[in-house]
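Got a minute to look at a structure? Here is a quick briefing on helix packing and aromatic rings.

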Amino acid sequence: PPQATAPETDHNLPLSTTSSSPLTPSTVALSSKAPLVEGDSIPYIGTWGDPFQGAEGMPTAESRRDLTPELYAHVVGECVAEVQGPRRKSLGTRGLFTNSILREAIDEAMLQCLRSKNLTEVVGTWGMDTVLLQIVIGGLSRSCQWLVEQTKDFDPLKRVSRQGIRTLVSQSKQRSDRREGRISKRKRMLFLLSGIGMTYFRSTNAVQLALMFGFGRIVKLLTSPSDTIDGLGRTVTQYVQAGGSAVLPDSATVDIGILSHRQVADNFPPGGSLTCDGTSLPSAGLGWAEETSHERYDRCDFDVLDSLSKEDFETKYMQMGRPVLVKNFIPLEERCMWSKARVMKASGRDTYNYGPTAYPAITGSLACQEHFSVEAAEEGLHCRPHENFSNYHASHSPGPFRTLTDTKTYRKLTQIIAGMYPSSKQYFWGGDKSGATLHHHEAAFNVLWVGQKDWFLTPPSLAGWSGMPSYQLWNRTGINMEHVVRCTQHAGDLLLLPDNWGHATLSHGFSAGIGVLFRMTEAR
């Protein structure tokens, strides 16, 4: 994106580690101070990891802002590692933290505990294969190396069901909660570092999990590039070289020894017109503003398809953990639901809440003080107290949309994703430069009714959270864009996003659509 003035920055200090005896959790504090207690705060430090570690505006020692601490924990057998990091709700509109930097700290703390015990003490009653899964889910590459050096008495291709992983997460949480001497009484964000949405995990092994998360170093420790790793006879190399693999090309080459290149497919805006209620309208904008102040990508760094079958979705994307875009998925007659004339006639006087991000309260920032109409957002809405941002609407209520499950679009989706049920429906719209900022969650699909928007994706290994509005986050130099997967979605397109991928969106002109987090019926 074009360069602009960087937002106000904060300070950055090195990580400090605290060793512990085998009887207490290994702890790493993202602070130069001793471990904190409830109610204290920690400096805003060390939270800008890959791909933002060299970005313009990265926190410096000259500018600081306190964040409230949060306790992050992970369990490997009888070892518990805990990390003090920033609480998500204290990020405001300037904060950012990436999971990779917290994961590295947890890996260091975990390694201290593992080395303080013998293998039998670590494994306890968990079993060797379970310990391996705990390491892979956490993305702990140094801990994985320790395990491989101790024993080969595990099977990295042993399959585990979705319910098996859920049980493991639950048991690990119980094991962590039995520990005393907590740093904070705040809710533990267990397994946050990898997400564990698990929608795509039906019957999976440790190697597949590492590939779906993008943990290249762990893949190398557990298998070889030519090894067959799934029931369809596919190899590690085939997973890594597929378009949109979570293992990025540099990790594939350096960590695994597989030559891989980013696959890029063109995705240009639809031309022509669409007739709605007897009026011919531009196909993309349907009468809404289309002018944008920043350049579109007009490509996708993963597969762009004209159609998608149930079998291909399950075998090529769900099982491999890859994003995919399907062009012109929304039936043409249904897209007219969001023509400007129809929306203004039905809902023109209605007003809605807006904010600098989709759900500002999640990161502790404020929504706009007033409510505004849809038309007010068309050219980019500026409101108190966010006069410098293009504000955005997102809600679980349909507003001008028809309820999702009543649409032909949804019925088409259920033919592709067998057993799907929506766990969270989100209806959104906004003007130029507005969008959802960096976050991650379980698997989701997104259908765009009007306009164009760019996606900025990071594989689960590099996912994170930001409170900065999307344009302010991405409109800076120094971001390692080789570690960001991009895609432009146009009106009518469907994007399917796997579990735990970090993602942010940025509108070009006015855009409106529906995003849905979904699960599978057997996961209830």
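What follows covers two helix contacts and then a set of ring pairs.

Keep in mind that this is a predicted model. On the helix side, helix 4 (residues 141-150) meets helix 3 (residues 128-138) and also helix 1 (residues 99-115). On the aromatic side, a search of the whole structure turns up 15 aromatic pairs.

**Helix 3 against helix 4**

- The axes of helix 3 and helix 4 come within 9 Å, and the crossing angle is roughly 155°.
- With angles over 145 degrees counting as roughly antiparallel, helix 3 and helix 4 are therefore roughly antiparallel to each other.
- The crossing of helix 3 past helix 4 is left-handed.
- From helix 3, Met-128, Val-131, Leu-132 and Ile-135 take part, and they meet Ser-143, Cys-144 and Leu-147 of helix 4.
- Sorted by class, the residues in the contact of helix 3 with helix 4 are 6 nonpolar, 1 polar and no charged.

**Helix 1 against helix 4**

- Here the axes come within 8 Å and cross at roughly 25°.
- That angle makes helix 1 roughly parallel to helix 4.
- Helix 1 brings Asp-107, Glu-108, Met-110, Leu-111, Leu-114 and Arg-115 to the contact, while helix 4 brings Ser-141, Arg-142, Ser-143 and Trp-146.
- The contact of helix 1 with helix 4 counts 4 nonpolar, 2 polar and 4 charged residues.

**Aromatic pairs**

- Among the 15 aromatic pairs, Tyr-352 and Trp-429 sit edge-to-face, 4.9 Å centre to centre and with 85° between the planes.
- Tyr-352 is in the loop between helix 12 (340-347) and strand 16 (381-383), and Trp-429 is in strand 18 (residues 420-430), so this pair ties together parts that are 77 residues apart in sequence.
- Tyr-352 and Trp-429 are both buried.
- Phe-401 and Tyr-427 have ring centres 5.6 Å apart and planes at 45°, so their pair counts as tilted.
- That tilted pair also links distant parts of the chain, with Phe-401 in the loop between strand 17 (386-395) and helix 13 (408-416) and Tyr-427 in strand 18, 26 residues apart.
- Phe-401 has 5% relative accessibility and so counts as buried, and Tyr-427 is buried too, at a relative accessible area of 1%.

**The ring cluster**

- Which residues do the ring pairs link into a cluster? They are Trp-288, Trp-338, Tyr-352, Phe-401, Tyr-427, Trp-429, Trp-449 and Phe-510.

Note on methods:
Residues are numbered from 1 along each chain as its sequence is written. This is a predicted model: local features need pLDDT of at least 70, side-chain atom pairs count only at pLDDT 80 or more; totals for chains, interfaces and linings use all residues. Side-chain values use heavy atoms; hydrogens and water are left out. Axes are lines fitted to C-alpha atoms, for helices over the stretch in contact, and angles run from 0 to 180 degrees between N-to-C directions. Helices (H or I, at least four residues) and strands (E, at least two) are DSSP runs, numbered from the N terminus. Angles under 35 degrees count as roughly parallel, over 145 as roughly antiparallel, 65 to 115 as roughly perpendicular and the rest as oblique. A crossing is left-handed if the near helix is turned anticlockwise from the far one by less than a right angle, and right-handed if clockwise. Contact means heavy atoms within 4.5 Å. Ala, Val, Leu, Ile, Met, Phe, Trp, Tyr, Cys and Pro count as nonpolar, Asp, Glu, Lys and Arg as charged, and the others, Gly among them, as polar. Rings of Phe, Tyr and Trp (its six-membered ring) pair if their centres lie within 6.5 Å; planes under 30 degrees apart count as stacked, over 60 as edge-to-face and the rest as tilted. Buried means under 20% relative accessible area, exposed over 50%, partly exposed in between (1.4 Å probe, protein chains only).
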